[in-house]
Amino acid sequence: MSERFFDAVRAQLGHAAVEVSDEAIARYGFNRLPGGDKRPSAVLYPESTGDVQAIVRLAGQHGVSLWPTSTGQNLGLGEYSPVRAGQAVMHLGKRMNRVLEVNEQLGYAVVEPGVTFRQLRAELAEHGDKLMLSGTSGPPDGGVLGNALDRGAGYTPYFDHFGMLAGQEVVLPDGEVLHTGDGTLPGSKMRYLNKSGFGPLLEGLFSQSNFGIVTSAAIWLMPRPPAIRAFGFTFPDDEDLSEIIDIVRQLKLANVVPTLIKVTNGQYGYGTETTYPGYEPGAPTLPDDVRRGLQTRYGTGAWTVTGAFYGPSMDALSPLIDRVRSLFEASGKATYLPHEEIASSPIFKIHLDTFSGEPTESELGLLNWRPGGGATWFLPATPMVGEIAQQHQELSRRILTEYGFEYTVEFVCGPRAGRALHIIIYNRSDQDERNRMQQCYAALVEAYDAIGYPIGRTPTDWQEKAMRRLPELSRVCGVIKGALDPNGVIAPGKYGIA
């Protein structure tokens with residue numbers, strides 16, 4: 001069945017549209033997750049929305065399941081690798097990688113799935129640097145569209161990347177095309193400007209789902225401010241998290257600080273610059289005395305707090321810096337980090353870059369903390385209540401220590417909730433560490449569920465397990481999937497939807 005499908009795709013789109021070599025199968029099946037690689041049946045390279053339509057229709061005729069992916073740079077979440085072995089990877093970003101429009105007057109860019117943060121940053125620079133993207137602290141070659149659809153996020157006021165999408169062009173499982181929002185009217189001049197038009201809001205159907213394949217959309221962009229001034233503070237003790245979170249909540253609820261505020265633990269900071277000292281297979285959690293020594297050596301403290309202000313000049317922002325200093329320094333525990341120190345430090349400049357719309361590779365050093373290339377993300381949300389955040393820290397530390405891994409976390413804080421970005425680095429070439437990593441992840445999910453704090457964005461090797469915890473959502477998504485995609489053409493199993 002698959003061979004006839006591949007021949008049919010070649011006949012319509014050319015031989016370059018299909019790759020089945022052992023090298024390609026291995027490359028597109030690789031991931032960093034403990035569940036192991038998931039080898040696809042083939043890799044497909046569409047060049048246009050019409051190509052995607054043709055592939056989808058042929059897949060339906062031949063009983064083939066597709067795994068659409070943009071740039072495969074969601075490191076620690078699955079990369080190109082499908083959720084189920086044997087699905088045909090549709091690498092949208094290989095040939096569909098154009099910036100279709102930049103509108104400086106209304107502040108948006110229209111992009112295809114292969115447009116990366118690095119590419120869009122360069123495009124905006126060529127247009128005079130009037131607009132600023134909201135990047136991630138992940139790979140600069142990650143896809144803008146794929147990140148938004150998986151509900152990744154940034155750190156500027158435009159941090160909600162999915163919320164900043166408009167005018168999606170979507171290929172449905174029957175091969176037909178849907179344009180969302182005001183784009184549903186042919187020739188609409190409001191497609192990229194207004195999502196709240198006529199009828200139900202359908203955009204959310206295509207986020208963290210397998211109901212369609214988004215082939216282009218606009219991403220809204222903020223004007224680049226004349227001045228960006230970062231601030232930072234370090235705190236010496238693990239227990240300081242409670243105080244920090246309560247201060248951050250005040251600042252964000254009152255909208256004093258326009259960026260999200262990062263609360264980054266020492267391990268997350270110095271882990272970008274160094275590796276596990278004297279690592280050997282079977283190494284336990286880094287001892288506390290060694291951890292504190294590294295915090296001192298690299299100047300991160302137990303916690304580093306960072307944010308930024310925007311304004312007409314650096315001097316004009318001084319009163320705002322004074323205001324946040326008065327809050328954070330009141331207890332006598334905080335050490336202030338001025339903008340200049342942040343800009344000159346490899347560890348702290350990561351934060352300035354993300355607040356400034358500059359893609360950065362510096363955080364990728366975390367992937368080398370332990371050898372073997374293993375990494376996975378655990379991503380619950382935490383309410384902005386200091387006592388609860390402290391409880392979450394203690395819970396995560398206890399479980400990670402039990403299974404022999406480091407507590408490496410960054411809270412990315414809004415007014416009411418913070419994303420608790422746990423990255424767990426392990427030796428993927430050591431079977432014992434892989435086994436412990438799988439057990440650890442399960443224990444974290446179970447423990448957070450038990451106290452009422454579910455995970456969000458999830459690695460591909462946990463998506464089907466995660467959905468089984470949510471019977472209401474599973475039932476409704478199953479009904480929608482059955483109506484739109486009864487033959488299971490698009491990514492059965494993605495986010496547990498089958």
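**Strands, rings and charges: how do we know?**

Guide: Welcome! F233 stands opposite Y336 in strand β15. Please keep in mind that this is a predicted model.

Visitor: What makes β12 and β15 count as paired strands?

Guide: Three bridges join β12 to β15 (residues 335–337), and the two run antiparallel. Pairing needs at least two bridges, so three bridges pass. Strand β12 has another partner in β14 (residues 303–311), also antiparallel, with nine bridges between them. There, R229 stands opposite F309.

Visitor: How do you know whether β12 is mostly covered or mostly open?

Guide: By its residues: nine of the nine in β12 (residues 227–235) are buried, so each has under 20% relative accessible area. That holds for both faces. A227, R229, F231, F233 and F235 point one way, while I228, A230, G232 and T234 point the other, and all are buried.

Visitor: Which aromatic residues form one cluster with F233?

Guide: F233 is in an aromatic cluster with F231, F235, F309, F328 and Y336. A charge joins in at Y336.

Visitor: What makes R325 count as sitting over the ring of Y336?

Guide: Its charged end is 3.9 Å from the ring centre. The distance limit is 6 Å, and the charge must also be within 35 degrees of the ring normal, so a pair listed this way has met both conditions. K494 is placed likewise over the ring of W67, at 5.7 Å from the centre, which is also within the 6 Å limit.

Visitor: How many aromatic pairs are there?

Guide: The count comes to 17. One of them is Y276 with W369, 5.8 Å centre to centre and with 55° between the planes.

Visitor: Why is the pair of Y276 and W369 called what it is, stacked, tilted or edge-to-face?

Guide: The centres lie within the 6.5 Å limit, so the rings pair. An angle of 55° is neither under 30 degrees nor over 60, so the name is tilted. Y276 lies in the loop between α7 (266–270) and α8 (288–298), and W369 in the loop between α11 (349–355) and β16 (374–378), so the pair ties together parts 93 residues apart in sequence. Both Y276 and W369 are buried.

Visitor: And why does the pair of F378 and Y448 get its name?

Guide: Their planes are 70° apart, which is over 60, so this pair is edge-to-face; at 5.2 Å, the centres are within 6.5 Å. F378 is in strand β16 and Y448 in helix α13 (residues 431–450), so parts 70 residues apart in sequence are tied together. F378 and Y448 are both buried.

Visitor: Let's turn to charges. What makes R10 and D7 a salt bridge?

Guide: The N to O distance is 3.0 Å, and the cut-off is 4 Å, so the pair counts. R10 and D7 both lie in helix α1 (residues 2–13), three residues apart, about one turn of the helix.

Visitor: Is R10 called buried or exposed, and why?

Guide: Its relative accessibility is 17%, under the 20% mark, so R10 is buried. D7 has 46%, between 20% and 50%, so D7 is partly exposed.

Visitor: Where do E23 and R27 lie?

Guide: Both are in helix α2 (residues 22–29), four residues apart. Their salt bridge has an N to O distance of 2.8 Å. E23, at 46%, is partly exposed, and R27, at 36%, is partly exposed too.

Visitor: How do you know that K130 and E104 form a salt bridge?

Guide: Their closest N and O atoms are 3.5 Å apart, within 4 Å, so the bridge counts. This one links distant parts of the chain, 26 residues apart: K130 is in the loop between α4 (117–126) and β7 (131–132), E104 in the loop between β5 (99–103) and β6 (108–111). K130 has 51% relative accessibility, over 50%, so K130 is exposed. E104, with 28%, is partly exposed. Elsewhere, salt bridges that share partners join R121, D129, R224 and E358 into one network. The whole structure holds 29 salt bridges.

Visitor: Finally, which residues form a nonpolar patch with M190?

Guide: L106 and L193 do, and the three have about 240 Å² of accessible area together. M190 lies in the loop between β9 (177–179) and β10 (213–220). A patch residue needs over 30% relative accessible area, and M190 has 38%, so M190 meets that condition.

Note on methods
Residues are numbered from 1 along each chain as its sequence is written. This is a predicted model: local features need pLDDT of at least 70, side-chain atom pairs count only at pLDDT 80 or more; totals for chains, interfaces and linings use all residues. Side-chain values use heavy atoms; hydrogens and water are left out. A salt bridge is a side-chain nitrogen of Lys or Arg within 4 Å of a carboxyl oxygen of Asp or Glu. Buried means under 20% relative accessible area, exposed over 50%, partly exposed in between (1.4 Å probe, protein chains only). Patches are made of residues with over 30% relative accessible area and no salt bridge: like charges are joined within 9 Å, nonpolar side chains (Val, Leu, Ile, Met, Phe, Trp, Tyr) within 5 Å. Accessible areas come from the Shrake-Rupley method with a 1.4 Å probe; for residues, only the protein chains shown count as cover. Rings of Phe, Tyr and Trp (its six-membered ring) pair if their centres lie within 6.5 Å; planes under 30 degrees apart count as stacked, over 60 as edge-to-face and the rest as tilted.
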